[in-house]
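This report describes one protein chain, going from a single residue and its strand pair to the chain as a whole.

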Amino acid sequence: FYTRAGTTLVAFHVGAAFEAGNGINVVGGHTDSPVLKLKPSSKKSAHGYLQLNVETYGGGLWHTWFDRELTLAGSVIVKQADGSF
């Protein structure tokens, strides 16, 4: 297996009966989990609170979000002074 950018996992298995030239089978999958993404100019303030302006992404069933606790998950990428992340 190998990973790419900390967000992609590619796994494979080479069987004992493999011979070069016999071909391979490939199976792929993808998921677009619904998320709330920060808008480019997201910082705003109202009623004494700092707020972040977001937009929806993915095929969410948004009405189901109101019957559970709100949590945060994801990755934070920070650009360093030398330009690296």
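Two residues are in contact when heavy atoms of theirs lie within 4.5 Å. The model discussed here is predicted.

**Ser42 and the hairpin**

By that contact criterion, and leaving aside residues up to four places away in sequence, Ser42 touches Gln51, Leu52 and Asn53. Ser42 itself belongs to strand E3, which covers residues 35-46. Its relative accessible area is 11%; the limit for a buried residue is under 20%, so Ser42 counts as buried.

Strand E3 pairs with strand E4 (residues 49-57) in the antiparallel sense, and the pairing runs over 8 bridges. Within this pair, Leu36 stands opposite Thr56 in E4. E3 and E4 form a hairpin that has 2 residues between the strands. One feature of the turn is His47, which has a positive phi of about 55 degrees.

**Thr7**

Thr7 sits in the loop that lies between strand E1 (2-4) and strand E2 (8-10). Is this residue buried or exposed? Thr7 has a relative accessibility of 64%; because the exposed class begins over 50%, Thr7 is exposed. Along the chain Thr7 and Ser75 are 68 residues apart, and their C-alpha atoms are separated by 9.3 Å.

The two residues described so far compare as follows.

| Residue | Element | Relative accessibility | Class |
|---|---|---|---|
| Ser42 | strand E3 (residues 35-46) | 11% | buried |
| Thr7 | loop between E1 (2-4) and E2 (8-10) | 64% | exposed |

**The chain as a whole**

The secondary structure of the protein chain consists of 0 helices and 4 strands. From the N terminus on, the order of elements is β-β-β-β. The radius of gyration is 21 Å, whereas the globule rule gives 12 Å for 85 residues; the value is well over the rule, so the chain is more spread out than a compact globule. Taken along the principal axes, the box filled by the C-alpha atoms is roughly 70 × 45 × 20 Å.

Of the 85 residues in the protein chain, 2% are buried. The protein chain exposes about 8,500 Å², of which carbon and sulfur atoms supply 56%. Among contacts between residues at least 6 apart in sequence, 22% join residues at least 24 apart.

As for charge, the protein chain has 7 positive and 6 negative charges. The mean positions of these two sets are 13 Å apart.

Conventions: Residues are numbered from 1 along each chain as its sequence is written. This is a predicted model: local features need pLDDT of at least 70, side-chain atom pairs count only at pLDDT 80 or more; totals for chains, interfaces and linings use all residues. Side-chain values use heavy atoms; hydrogens and water are left out. Buried means under 20% relative accessible area, exposed over 50%, partly exposed in between (1.4 Å probe, protein chains only). The radius of gyration is taken over C-alpha atoms; the globule rule is 2.2 Å times the number of residues to the power 0.38. Accessible areas come from the Shrake-Rupley method with a 1.4 Å probe; for residues, only the protein chains shown count as cover. Lys and Arg count as positive and Asp and Glu as negative; His and the chain ends are not counted. The place of a charge is taken as NZ of Lys, CZ of Arg, CG of Asp or CD of Glu. Two strands pair if DSSP finds at least two bridges between them.
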